[in-house]
Amino acid sequence: MALLEIDKLSAFYGKAQALHEVSLSVGAGSIIAVVGANGAGKSTLLDSIMGLTKTTGAVRFDGAEITGCKTKEIVSRGIGYGPERFNLFPFMTVRDNLLVGAYTARDDIGKNLAAIHKLFPRLAERETQETSTQSGGERQMVSLGRALMSSPRLLLVDEPTIGLAPKVCLEIADVLRRLRDEFSLTVVITEQNANFALSLAERVHVLETGRLVAEGRPEDLANDERLAAAYFGH
Amino acid sequence: MLQVLIQGLLLSGLYALIAVGFTLIFSIGRVLNLAYGAYLLIGGYAYFYFTQAIGLPKFAAVLLAAVIGCALGILKFLLIVRPLRGNHVAIEISTLILAVVLQSAVVLAFGDSSKILLPIIPGVERVAGAAVPYSNLFAAVMSWVILIALWIFIRSTHTGRAMQAVSMDAKGAAISGIDADRVNMITWAISGTLGAVAGVFFASYTQLYPGMWVAPLIIAVAVVIVGGIGSIIGTLIVAHIIGFMEVLVSTYLAPELRGIFTMVLIIAILVLRPRGLFGREEL
């Protein structure tokens with residue numbers, strides 16, 4: 001059954017249209033990826049699911065319409081978001097960053113913190129460090145951790161590997177798989193790095209200048225010319 | 001020497017309390033609330049009215065002044081700041097006009113002449129040749145108690161952390177499920193409450209008069225500019241720099257010059273270190 005359904009979603013920044021009638025659905029317990037070049041609208045898609053942009057069309061989560069809901073409402077219904085630039089709180093400690101993430105899920109703090117420290121032992125070691133002094137990989141961990149603190153069922157991650165060393169990318173991929181397998185989370189990632197997406201996701205959607213142009217299983221899409229065209233032009 | 005130290009400490013505690021409500025709004029809402037001094041005006045006059053006109057107990061009068069300040073803060077947010085959201089110049093001009101309007105309202109209700117507040121706690125203690133009124137001691141101690149309570153609130157409650165979060169990264173706060181409007185309203189309420197209470201203490205330090213919103217506003221602006229955006233610790237340190245500077249100047253140079261050095265310091269910092277001494281966008 002589909003946990004997230006997006007139906008003809010268009011997004012606007014002022015008069016500029018950044019998404020054109022995007023429709024896709026995400027089955028519960030899967031990892032899906034949206035790939036595309038820089039500026040294709042990947043971040044806009046995730047921002048729009050979170051209610052951060054002006055949109056038309058419909059977004060349904062777990063059968064209920066969340067279009068037009070406040071971001072706060074969307075978070076408390078169970079969608080967590082790790083944005084591309086992380087948007088961490090730079091002069092707060094790792095621990096306080098995580099605790100802010102628990103704003104809507106205060107009863108689960110102990111349980112969620114323990115799970116996050118198990119997934120990212122480094123965050124337990126660096127609890128009292130300010131995030132402004134951390135490396136990109138550590139910030140990505142704090143960002144994912146903060147999203148997990150809201151006890152989500154669906155996790156959106158914008159470009160999980162951007163700017164990270166290959167070894168850290170593998171760690172992140174491993175964590176996303178564990179979130180699906182051990183925590184039965186559903187995960188949507190966006191990626192510029194198509195190979196990373198193809199190796200991780202069960203379904204891949206190709207976004208090009210705000211429109212979905214192809215979708216399929218990684219093994220079918222790997223040699224699809226539409227994927228290459230989305231990056232290199234026609 | 002000891003006299004300067006004691007007076008400096010007392011005055012600085014009060015200045016820190018005056019400045020912190022203004023700093024909160026500046027770091028979270030990113031607007032200069034130029035009507036901030038009006039909280040002190042209203043708080044001082046409310047206290048005067050409840051004690052010396054109606055005859056309520058002093059403690060109840062401070063509480064009522066705080067409640068009025070809180071309500072004023074919330075109303076200001078709902079009626080001016082939220083509708084004008086994003087337009088900082090409009091907010092700043094409206095708040096300045098509001099301060100002038102409130103001043104006129106006070107003149108209408110209480111007259112133009114200045115009033116002396118009866119001391120909150122009567123009596124004077126002589127320490128090393130300096131006369132320390134109990135009222136001033138009480139004001140300084142209460143300022144510290146309030147500041148420490150505020151610091152603990154901001155550091156260790158969900159609402160306090162949400163205030164920090166909104167001040168550091170609005171999008172990060174939103175995707176953590178924080179409603180920035182609500183946090184802003186709470187901040188305006190706290191700021192109004194702090195301002196009104198500071199007004200009671202400030203008026204008992206000096207006297208009550210309709211133009212008394214200007215001096216505290218300048219102190220608050222000075223602390224924000226010199227300290228940098230929104231650090232509570234920075235606010236404390238700078239309040240002490242300014243407080244001690246005023247006491248030193250009025251003791252060793254001339255009392256008339258006390259405010260001048262604060263202004264010169266503002267200009268010097270603006271030119272030499274525009275981000276302030278402790279400038280980072282933190283609570």
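How many residues does the contact take from chain A and from chain B? I looked this up before anything else, keeping in mind that the model is predicted. The contact draws on 25 residues from chain A and 20 residues from chain B.

**Entry 1: buried area**

I then looked up the area. Between them, chain A and chain B bury about 2,100 Å². Carbon and sulfur atoms carry 63% of that area. On the side of chain A, I noted Asn87(A), Phe91(A) and Tyr103(A) as the residues that lose the most area to chain B. Together these three make up 31% of what that side buries.

**Entry 2: polar and charged pairs at the interface**

I looked for salt bridges next, and the count between chain A and chain B is two. I wrote down one of them: Lys70(A) and Asp179(B) meet through their side chains, at 3.2 Å from N to O. For polar contacts across this interface, I found three residue pairs, with both residues at pLDDT 80 or more.

I also asked which elements of chain A give two or more residues to the side that touches chain B. They are helix 2 (71–77) and helix 3 (94–101). Helix 3 of chain A gives the most, with four residues. Sorted by class, I have the side of chain A that touches chain B as 14 nonpolar, four polar and seven charged residues.

**Entry 3: chain B as a whole**

I turned to the fold of chain B. I recorded eleven helices and two strands. Read from the N terminus, the order of elements is α-α-α-α-β-β-α-α-α-α-α-α-α. The radius of gyration of chain B is 18 Å, and the globule rule gives 19 Å for 283 residues; the two are close, so I noted chain B as being as compact as a globular protein of that length. Its C-alpha trace spans about 60 × 45 × 35 Å along the principal axes.

I checked burial too: 52% of the 283 residues of chain B count as buried. Of the contacts in chain B with a separation of 6 or more, I found that 76% come from residues 24 or more positions apart.

**Entry 4: Thr187(B)**

Is Thr187(B) buried or exposed? I have Thr187(B) as buried, because its relative accessible area is 1%, under the 20% cut-off. I placed this residue in helix 8 of chain B, which covers residues 180–205.

Leaving out residues up to four places away in sequence, I listed Leu24(B), Ile25(B), Ile28(B) and Met163(B) as what Thr187(B) touches. I also looked at the polar side of Thr187(B): a polar atom of its side chain lies 2.7 Å from the backbone oxygen of Val183(B).

One last distance went into the notebook. Thr187(B) and Gly43(B) are 144 residues apart along the chain, and 18 Å separates their C-alpha atoms.

Notes. Residues are numbered from 1 along each chain as its sequence is written. Chains are lettered from A and ligands numbered from 1 in the order in which they are written. This is a predicted model: local features need pLDDT of at least 70, side-chain atom pairs count only at pLDDT 80 or more; totals for chains, interfaces and linings use all residues. Side-chain values use heavy atoms; hydrogens and water are left out. Contact means heavy atoms within 4.5 Å. Buried area is the accessible area (1.4 Å probe) that two parts lose on being put together, summed over both. A salt bridge is a side-chain nitrogen of Lys or Arg within 4 Å of a carboxyl oxygen of Asp or Glu. A polar contact is a pair of N or O atoms within 3.5 Å; within protein, one must be able to donate a hydrogen and the other to accept it, and residues adjacent in sequence count only if both atoms are side-chain atoms. Ala, Val, Leu, Ile, Met, Phe, Trp, Tyr, Cys and Pro count as nonpolar, Asp, Glu, Lys and Arg as charged, and the others, Gly among them, as polar. Buried means under 20% relative accessible area, exposed over 50%, partly exposed in between (1.4 Å probe, protein chains only). The radius of gyration is taken over C-alpha atoms; the globule rule is 2.2 Å times the number of residues to the power 0.38.
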